[in-house]
Amino acid sequence: GVSLALRTPDWLYAEISTDELELYDMRNDPWQLQSLHRDVDPSFYAPFSERMKALFTCQGAGCRN
């Protein structure tokens, strides 16, 4: 299956093809040992999901924004 991930300096957000989510605090957990996706409100990681979907579907010059 396909897994998608978005990484910033502070966070790694992943959507796994089994409809699972993962969210890691890269500053405090750089080895990605404990996913925080169940510990935060979904509104926290919604922007990550929206950005990842936009990047996955973009084409051409639109991908540069």
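**Exercise 1. The helix**

How many residues does α1 have, and what distance does α1 reach from its first C-alpha to its last? Determine also which residues of α1 are buried and how they are arranged about the axis.

*Solution.* The model is predicted.

Step 1. The helix α1 has 16 residues. From first to last C-alpha it reaches 22 Å, which is close to the 22 Å expected at 1.5 Å a residue.

Step 2. Buried status requires a relative accessible area under 20%. In α1, Tyr45, Phe48, Ser49 and Met52 are buried. Viewed down the axis of α1, the buried residues fall within an arc of 100°, so they line one face of the helix.

Step 3. The other side of α1 carries Ser43, Glu50 and Thr57, which are exposed.

Step 4. The buried residues of α1 pack against β1, β2 and β3.

**Exercise 2. The sheet**

State the order of the strands in the sheet and identify which strands stand at its edges.

*Solution.*

Step 1. The protein contains one helix and three strands. Along the sequence these elements follow the pattern β-β-β-α.

Step 2. The three strands form an open sheet in the order β1-β2-β3, with antiparallel pairing. At the edges stand β1 (4-7) and β3, each with a single partner strand, so one side of each has no neighbour in the sheet. Direction ignored, neighbouring strands are turned by 10° against each other on average.

Step 3. Consider the pairing of β1 with β2. These strands run antiparallel and are joined by four bridges. Within this pairing, Leu6 has Tyr13 of β2 as its bridge partner. The helix α1 packs on the sheet, touching β1, β2 and β3, and its direction makes about 65° with that of β2.

Step 4. Consider next the pairing of β2 with β3. It is antiparallel and extends over six bridges. Here Ala14 stands opposite Glu22 in β3.

Step 5. The connections can now be described. The strands β1 and β2 form a hairpin with three residues between them. The hairpin of β2 and β3 also has three residues between its strands.

**Exercise 3. Positive phi values**

Locate Asp19 and Gln32, give the phi of each, and decide whether each is buried, partly exposed or exposed.

*Solution.*

Step 1. Most residues other than glycine have a negative phi. A positive value in such a residue therefore departs from what most of them show.

Step 2. Asp19 lies in the loop between β2 (11-16) and β3 (20-25). Its phi is positive, near 65°.

Step 3. The relative accessible area of Asp19 is 74%. Exposed means over 50%, so Asp19 is exposed.

Step 4. Gln32 is found in the loop between β3 and α1 (42-57). The phi of Gln32 is likewise positive, near 55°.

Step 5. Gln32 has a relative accessible area of 34% and is therefore partly exposed.

**Exercise 4. The surroundings of His37**

Is His37 buried or exposed? Describe its polar contacts and the residues that it touches.

*Solution.*

Step 1. His37 is placed in the loop between β3 and α1.

Step 2. With a relative accessibility of 16%, His37 counts as buried.

Step 3. Two polar interactions involve the side chain of His37. The His37 side chain reaches the backbone oxygen of Leu21 at 3.1 Å. It also makes a polar contact with the side chain of Ser35, at 2.6 Å.

Step 4. When residues up to four places away in sequence are not counted, His37 touches Leu21, Glu22, Leu23 and Tyr45. Among these, Tyr45 is one of the buried residues of α1.

**Exercise 5. The protein as a whole**

What are the spans of the C-alpha trace along its principal axes? What share of the residues counts as buried, and what share of the contacts with a separation of 6 or more comes from residues 24 or more positions apart?

*Solution.*

Step 1. Along the principal axes, the C-alpha trace of the protein spans about 35 × 25 × 20 Å.

Step 2. The protein has 65 residues, of which 25% count as buried.

Step 3. Of the contacts with a separation of 6 or more, 25% are accounted for by residues 24 or more positions apart.

Notes:
Residues numbered from 1 in each chain as written. Predicted model: local features only at pLDDT ≥ 70, side-chain atom pairs only at ≥ 80, totals over all residues. Heavy atoms only, no water. Helix = DSSP H or I, 4+ residues; strand = E, 2+ residues; numbered from the N terminus. Buried < 20%, exposed > 50% of the residue type's maximum accessible area, 1.4 Å probe, protein only. Pairing = 2+ DSSP bridges. Axes fitted to C-alpha atoms, helices over the stretch in contact; angles between N-to-C directions. Contact = heavy atoms within 4.5 Å. Expected span 1.5 Å × (residues − 1). Arc of directions from axis to C-beta. Polar contact = N/O pair within 3.5 Å; in protein donor to acceptor, adjacent residues only side chain to side chain.
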